[in-house]
Amino acid sequence: MPDAVIAATGLYTPPNSLSNVELVETFNAYVARFNTANAEAIEAGRIEGLTPSSAEFIEKASGIKSRFVVDKSGLMDPELMRPVIPERSNEELSVLAEIAVEAARDALARWGKPASGIGAVICAASNMQRAYPAMAIEVQQALGIEGFAFDMNVACSSATFGLKTAADFVASGSARAVLMVNPEICSGHLNFRDRDSHFIFGDVATAAIVEREDEADDGAGWEILGTRLKTQFSNNIRNNFGFLNRGAPEGVGQKDKLFVQEGRKVFREVVPMVSEMIVEHAADLGIDPTGLKRLWLHQANINMNEMIGRRVLGRDPAPGENVIILDEYANTSSAGSIIAFHKASDDFARGDTGLICSFGAGYSAGTVFVRKR
Ligand code: COA
């Protein structure tokens, strides 16, 4: 069976950066309006007043300083607090496919081969904009790719599940090369009126091309040493929005139609699950995890990422060893580990090894060990 390599990656970053200060200013304007409008009921104890958010708390609790978003105007309007993304006609490229195509073009340019060399497209993401036709098929058509395409959703772990699926397709001969895209408009699923989570996510798109090793250019790309996936059911990160339970997402009793989480439980349960999975997978591959040159982890939260980094490397990671892009991008769901890999892997020499790892709702986690060719 042919081995698979990650031949190239690509990135699309939306043009608008939204700082914590801007986000909090809007949130606090909403809180002030709400408390003024409901002053009597709050005073009488019939409803609870809202508490302001703080930019200092956000940076300290999450490591996030800013995030990129597809639309900033709606997020800065205290009356709206959601992205304004005009609906497009069915004849236009949908917005999710559009950002995926941008990331894919970046990956194709770095690959240096034509899109016709791709045999399958996987759109692996948390935040799909519709049920069907698949976004992946739209991307396939926009890029003039033959073969087959489909969407898959494993929340924040989608990219590693997509990479494993792509590597398996290449190994089994289903496709000679696979394009995986991770378009994430996380601002669409985030409740910007929820003080506990309004700061967590940002928007972005990433792409990766996986191809047969015997067809990859000499010395190009990354040998995939091993892939492993794991899931374990949990209600601690959840989004109930769906066709069977529609409703105004921000309405009373509708909060769980957007992103909700039990952040502390997620922290407590996911850190050991992922750390153990990485160490066990490394042992099975004969890799000493403390000798990994770099970790490209899912960008969840600075404290979670640092703790997993310490457990895997067995020491405090040196600067740059455990790549953090959260400060600039926030949590971008499935795309986070691929942004980290894309931005911080150029300096690898032949034979250097590293780990791409994602984790999130489900619970779900995936590990992809790679070695520079
Ligand atoms: N601004 C100011 N203060 C805030 C706030 C905000 N936006 N949100 C919460 N707080 C306050 C709370 O009111 C609380 O105050 P108190 O101690 O006086 O009651 C305090 O901060 C701690 O709140 P808590 O929700 O317990 O925060 P935390 O320390 O657990 O941090 C997370 C919250 C989400 C950052 C943390 O639980 C976490 O990192 N979890 C991991 C989850 C994750 O990354 N999920 C992504 C999917 S993989």
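In the predicted model, helix H4 is largely enclosed by the rest of the structure, because twelve of its 17 residues are buried. The buried positions comprise Val95, Leu96, Ala97, Ile99, Ala100, Val101, Ala103, Ala104, Asp106, Ala107, Leu108 and Trp111. These residues pack against three strands and two helices, namely strand E1 (4-12), strand E6 (177-185), strand E7 (203-212), helix H5 (135-143) and helix H10 (336-343).

The length of H4 agrees with expectation: at 1.5 Å a residue, its 17 residues should span 24 Å, and the C-alpha atoms at its ends are 24 Å apart. Glycine 112 follows the helix and adopts a positive phi, near 80°.

The loop between strand E3 (66-69) and helix H4 (95-111) contains aspartate 71. Aspartate 71 is buried, yet no salt bridge is formed by this residue. Arginine 82 provides the nearest side chain of opposite charge, at a distance of 9.0 Å; since a salt bridge requires a side-chain nitrogen of Lys or Arg within 4 Å of a carboxyl oxygen of Asp or Glu, that separation does not qualify.

Polar contacts of the aspartate 71 side chain are instead directed to the backbone. The side chain reaches the backbone nitrogen of glycine 74 at 2.9 Å and the backbone nitrogen of valine 84 at 2.8 Å. When residues up to four places away in sequence are not counted, aspartate 71 touches Asn16, Arg82, Pro83 and Val84. Valine 84 therefore appears both among these contacts, which are defined by heavy atoms within 4.5 Å, and as a backbone partner of the aspartate 71 side chain.

Conventions. Residues numbered from 1 in each chain as written. Predicted model: local features only at pLDDT ≥ 70, side-chain atom pairs only at ≥ 80, totals over all residues. Heavy atoms only, no water. Helix = DSSP H or I, 4+ residues; strand = E, 2+ residues; numbered from the N terminus. Buried < 20%, exposed > 50% of the residue type's maximum accessible area, 1.4 Å probe, protein only. Lys, Arg positive; Asp, Glu negative; His and termini not counted. Polar contact = N/O pair within 3.5 Å; in protein donor to acceptor, adjacent residues only side chain to side chain. Expected span 1.5 Å × (residues − 1).
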